[in-house]
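These are my notebook entries on a structure that I had not examined before. I recorded what I looked up, entry by entry.

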2 protein chains.
Amino acid sequence: MSDDQSPAVTIASIAAAAGVSVPTVSRVLNGRSDVAPQTRQRVEQLLRDHGYQRRGGRPRGRARLVDLVFNDLDSPWAVEIIRGVEDAAHAAGVGTVVTAIHRRASAARAWLDNLAARASDGVILVTSDLDPDLHSELRSLHVPAVVVDPAGVPALDVPTIGATNWAGGLSATEHLTGLGHRRIGFVAGIPTLWSSRARLDGYRAGLETAGLPFDPELVVEGDFGYESGARAAHRLLGLAEPPTAVFAANDQMALGVYEGVRRSGMRVPDDVSVVGFDDLPEGRWSSPPLTTVHQPLAEMGGLAARTVLRMVDGETIESPRLELSTRLVVRDSTAPTQLRPVSRVGS
Amino acid sequence: MSDDQSPAVTIASIAAAAGVSVPTVSRVLNGRSDVAPQTRQRVEQLLRDHGYQRRGGRPRGRARLVDLVFNDLDSPWAVEIIRGVEDAAHAAGVGTVVTAIHRRASAARAWLDNLAARASDGVILVTSDLDPDLHSELRSLHVPAVVVDPAGVPALDVPTIGATNWAGGLSATEHLTGLGHRRIGFVAGIPTLWSSRARLDGYRAGLETAGLPFDPELVVEGDFGYESGARAAHRLLGLAEPPTAVFAANDQMALGVYEGVRRSGMRVPDDVSVVGFDDLPEGRWSSPPLTTVHQPLAEMGGLAARTVLRMVDGETIESPRLELSTRLVVRDSTAPTQLRPVSRVGS
DNA sequence: TTGTATGCGTTATCAA
DNA sequence: TTGATAACGCATACAA
């Protein structure tokens, strides 16, 4: 006798319950447009109630659209990541939908509705502190997701792409110690973000390698903003024994340090060497051009796009977190300590 | 007798010619998914051959997607425009697809194919020097288009949104003359772009207003890039009678001027005042923060989005070109001439 | 009316 | 085989 404890929820059973044909249910599942809104709702409800599960992979049709979601587009990273994602998606013949949800649930809802209506194939989230039940929502829509995470928030259960923050902090610090600096200030970022912690720890490791002591007085907390960098520089330069070099946890704060140095009547790099982190265009065009740790944002975006597209094709991604390597870019904001007395005009 | 000189190209006649049903042709016209690729191609060909024209407006369904097309995403304007477009589109429940076509016809083709397949509702082009037959292609797809044009290329026959470049050049120059400057250098942009011409003419008008002569020696041609600004500054400061202020036709060149000034051992604004044009974040975070002419890029993007969405709804747009006004933002890179002797240490 | 768009079933097809 | 998607036509619902 066949036991009927699991009646095998199939598309056909849903169709029967909803009083529609099998293809109609299939259309709802695949977000096709030609289903009446009422019918769609009824079917979606039944799918949920009966706990329908897809059999084999997703439909084989090629992806057409991926969604790239930010909290805010005024983050200086945004363009770089957009570039990387657009490039990789475009190469695969896939369009890139960019959205900013400003941390508002209403905006996220509107976006999700739009996403479902146009049957997006995959989602790349750059917004790390995201409403957790947004993820379950995405799961129920069967849309694969990947997180790009330059900020370094603890990973969720989706593939995450980051950068080697610790190694970057280390190489920046080693560069400065290599130039002969022995008192090196650090302008930290928001302490709750892992990336900040990792960069700070890299800094400490760099000091240790050079046999230098860690002096808490030389670490000032910032908020990743320009102004906090300027304030930090002011504080560091006012110390009894001021640093000869400053490593800021991102480029914006590094440029703020420039401004703080300028306000103190000093010059970069003659009086103070400065190193940043991110390698944004802002730093390339500063005066002097900024020595900084390059974070491969475009590559991270490209990898994220290729990863979601593989997921769309039914592949399962093995490693939950991937870190691309940072690298130091030496420009003109750092100089050896020895040169300092020479370059000053007076005293 | 009815004359049969115009056999009234209807969907039905196309359907007959293609050997398909009327709904199938309708689906092709509306970019629906459930049409076989071959069938779609055959029908599209016939629609073109017979010169089919839509009867009443577009279908009444709300817009879901607009396309935003750049030549390159590494333009510093890009983010600002994306922000403006995304914001306005999102508010209307519409998604924003961002694409870069890198001036390559192949990329444009791939984008158009994707666009047709997902039935985009409207297009915003930021890429001004665009393949002209791309426009006809768009027209045949019945997708409305708008051009956002900060570069100032001659208008096509689609609604165009720009900024008041001439007025911006004027206000920048008046600001400098108002501070007492009498020798004011100008770093021009690419001379073939109208925006460059307009800014230059605004500069000349500003000099005239203050009763100052126009000295061709004080105008150096740049290419809108950082390095060309640095070179221009070097040349201007090497003149027998160097300028005390420099107005650069965009922010990147203005920051290049900073660098040129720094390389000459001088300081901004103590020795040379600098004004830029665009008001990009790069200028806000420079040291000293840059006085510049604000170009309302985000507003331009927002207006463009609202305009295409109105066109999607069947409205016809009256004015072919619209210019949003620029405004001077005074920060710390400009100072009165009188202060100069005081702030110098030596001589 | 006539022209066009929508919703959904039928039939064929395809993957496991 | 069976579960699922693809392609297209019929009937109908609208708009001019």
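**Entry 1. DNA strand D.** I took a polar contact to be a pair of N or O atoms within 3.5 Å. The model is predicted, and I read each distance with that in mind. With that cut-off I turned to A:Ile11, where a backbone N or O atom lies 2.7 Å from a phosphate oxygen of DNA strand D. On chain B, I found an N or O atom in the side chain of B:Thr39 at 2.6 Å from a phosphate oxygen of the strand. I also looked up B:Arg27, whose side chain places an N or O atom 2.8 Å from a base nitrogen of DNA strand D.

**Entry 2. The surroundings of the strand.** I noted 22 residues around DNA strand D, with A:Ile11, A:Ser26, A:Tyr52, B:Ser21 and B:Thr39 as the closest. Of the strand atoms that come within 4 Å of the protein, 68% belong to sugar and phosphate. I sorted the residues of this surface into 9 nonpolar, 6 polar and 7 charged. Helix H2 (22-29) of chain A, helix H2 (22-29) of chain B and helix H3 (37-49) of chain B each supply at least two residues. The largest share, 4 residues, comes from H2 of chain A.

**Entry 3. The two copies.** I asked how chain A can be laid on chain B. A turn of 180 degrees with a shift of 0.2 Å along the axis does so, with an RMSD of 0.5 Å. I therefore entered the relation as that of a two-fold axis. In chain A, the C-alpha nearest the axis belongs to A:Val97, at 2.0 Å. I found that 100% of the contact residues of chain A recur in chain B, so the same surface serves both copies.

**Entry 4. Helix H9 of chain A.** I checked the length of this helix, residues 226-237. Its 12 residues should span 16 Å at 1.5 Å a residue, and the end C-alpha atoms are 17 Å apart, which agrees. I listed its buried residues, among them A:Tyr226, A:Ala230, A:Ala233 and A:Leu237. The buried residues pack against strands E6 (184-188), E7 (219-221) and E8 (245-248) and helix H10 (251-263) of chain A, and against helix H11 (281-284) of chain B.

**Entry 5. B:Arg331.** I located B:Arg331 in the loop between strand E12 (327-329) and helix H13 (340-343) of chain B. Is B:Arg331 buried or exposed? I counted B:Arg331 as buried, because its relative accessibility is 19% and the cut-off is under 20%. Its side chain makes a polar contact of 2.7 Å with the side chain of B:Asp279. Beyond four places in sequence, the residues that B:Arg331 touches include B:Gly283, B:Arg284 and B:Pro289.

Conventions
Residues numbered from 1 in each chain as written. Chains lettered and ligands numbered in written order. Predicted model: local features only at pLDDT ≥ 70, side-chain atom pairs only at ≥ 80, totals over all residues. Heavy atoms only, no water. Near = heavy atom within 4 Å. Polar contact = N/O pair within 3.5 Å; in protein donor to acceptor, adjacent residues only side chain to side chain. Nonpolar A, V, L, I, M, F, W, Y, C, P; charged D, E, K, R; others polar. Least-squares fit on C-alpha atoms with pLDDT ≥ 70 in both. Contact = heavy atoms within 4.5 Å. Expected span 1.5 Å × (residues − 1). Buried < 20%, exposed > 50% of the residue type's maximum accessible area, 1.4 Å probe, protein only.
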